[in-house]
Amino acid sequence: MPRKSRADRKLQASEFRRRLLRWFRRHGRDLPWRRSRDPYHIVVSEFMLQQTQVSRVEAYYHRFLERYPSIDVLAAAPAAMVRESWEGLGYYRRAANLHRLAQAVVEEHGGVIPADPAALVRLPGVGRYTAGAVACFAYERATPAVDTNVARVIRRAFHPRLRGLAPRRVWETAALIVPTHGKRAWEFNQAIMELGALVCTARVARCGGCPVRMACLTGRRAGGETARRVSPPSLRSG
């Protein structure tokens, strides 16, 4: 198969964005953290969503924020109390890291969560994905945010022959396809995560009903199939 030209790649990326955003505007879920641009609220949601289903997080998100309404309140709380508030969500290291993050933000950043991904990634419990997500979802920075779902969609849509995780290649593509305008970047990153969670899932790629099928290299090859069972490599978010 001949290598795609730069113009072809740009055309595919443009069509992918257009189709994805149109679908998300009609079918995106109304999740509570999507209604907020409060950096603290976004950080709490991102820590809770690590390795936990959305439906489970929804039951804890508001309760946690009611108990710790600001990052200053969370930073001042005893560690044992924070862990107790996390009871039932599992992976308690996240609670400890969130507590440490709050303390670091209060002590080192005057209680203001940074907007720069380079500063965010130095906070406790924050990896490259979480830094990008907070910068985009709280501050509408035009930065990629590649979690497991996004990595899967990008590999299938743009690099179906890619072997292994290849995180650098995936992040490079994510940076190329994210819109440069902040509000559209927010919407795009939410949309591509939603596609990976609901349509282009880990075990089943529902190509027949996928809104971006005609802009996806895997979807085009799938033709009229409604679903394809696959076992792609995973990429842990952080």
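**View 1. Gln51, a partly exposed loop residue.** Gln51 has a relative accessible area of 47%, so this residue is partly exposed rather than buried or exposed. The model shown here is predicted. Gln51 sits in the loop that links α2 (39-49) to α3 (54-67). Its phi is positive, about 60 degrees, although Gln51 is not a glycine. Most residues other than glycine have a negative phi. Gln51 is also one of the residues touched by Tyr91.

**View 2. Tyr91, in the loop between α5 and α6.** Tyr91 lies between α5 (79-85) and α6 (93-109). Phi of Tyr91 is near 45 degrees, again a positive value in a residue other than glycine. The relative accessibility of Tyr91 is 49%, and therefore Tyr91 counts as partly exposed. Which residues does Tyr91 touch, not counting those up to four places away in sequence? They are Gln51 and Trp86. The contact with Gln51 links two loops: Tyr91 belongs to the loop between α5 and α6, and Gln51 to the loop between α2 and α3. Ala75 is 16 residues from Tyr91 along the chain, and the two C-alpha atoms are separated by 20 Å.

**View 3. Helix α9 against helix α11.** Two packed helices are described by the angle between their axes and the distance between the axes. Here the helices are α9 (residues 148-158) and α11 (residues 182-198). Their axes come within 8 Å and cross at roughly 85 degrees. The crossing angle makes α9 roughly perpendicular to α11. From α9, the contact draws on Asn149, Val150, Arg152, Val153 and Ile154. From α11, Ile192, Met193, Leu195, Gly196 and Ala197 take part. By class, the residues of this contact divide into 7 nonpolar, 2 polar and 1 charged.

**View 4. Helix α1 against helix α11.** Helix α1 (residues 6-27) also packs with α11: the axes come within 9 Å and cross at roughly 80 degrees. That angle makes α1 roughly perpendicular to α11. On the α1 side, the contact holds Phe16, Arg17, Leu20, Leu21, Trp23, Phe24, Arg25 and His27. They meet Arg184, Glu187, Phe188, Gln190, Ala191, Ile192, Glu194 and Leu195 of α11. How many residues of each class form the contact of α1 with α11? There are 9 nonpolar, 2 polar and 5 charged residues. Ile192 and Leu195 of α11 meet α1, and Ile192 and Leu195 are also among the residues in contact with α9.

**View 5. The whole chain, for context.** The protein chain has 12 helices and 2 strands. Along the sequence, the pattern reads α-α-α-α-α-α-α-α-α-α-α-β-α-β. The C-alpha atoms fill a box of roughly 60 × 35 × 30 Å along the principal axes. The radius of gyration is 19 Å, which agrees with the value near 18 Å for a compact globule of 238 residues. Buried residues make up 51% of the chain. The accessible surface comes to about 12200 Å², and carbon and sulfur atoms account for 50% of that area. Among contacts between residues at least 6 apart in sequence, 65% join residues at least 24 apart.

Note on methods. Residues are numbered from 1 along each chain as its sequence is written. This is a predicted model: local features need pLDDT of at least 70, side-chain atom pairs count only at pLDDT 80 or more; totals for chains, interfaces and linings use all residues. Side-chain values use heavy atoms; hydrogens and water are left out. Axes are lines fitted to C-alpha atoms, for helices over the stretch in contact, and angles run from 0 to 180 degrees between N-to-C directions. Helices (H or I, at least four residues) and strands (E, at least two) are DSSP runs, numbered from the N terminus. Angles under 35 degrees count as roughly parallel, over 145 as roughly antiparallel, 65 to 115 as roughly perpendicular and the rest as oblique. Contact means heavy atoms within 4.5 Å. Ala, Val, Leu, Ile, Met, Phe, Trp, Tyr, Cys and Pro count as nonpolar, Asp, Glu, Lys and Arg as charged, and the others, Gly among them, as polar. The radius of gyration is taken over C-alpha atoms; the globule rule is 2.2 Å times the number of residues to the power 0.38. Buried means under 20% relative accessible area, exposed over 50%, partly exposed in between (1.4 Å probe, protein chains only). Accessible areas come from the Shrake-Rupley method with a 1.4 Å probe; for residues, only the protein chains shown count as cover.
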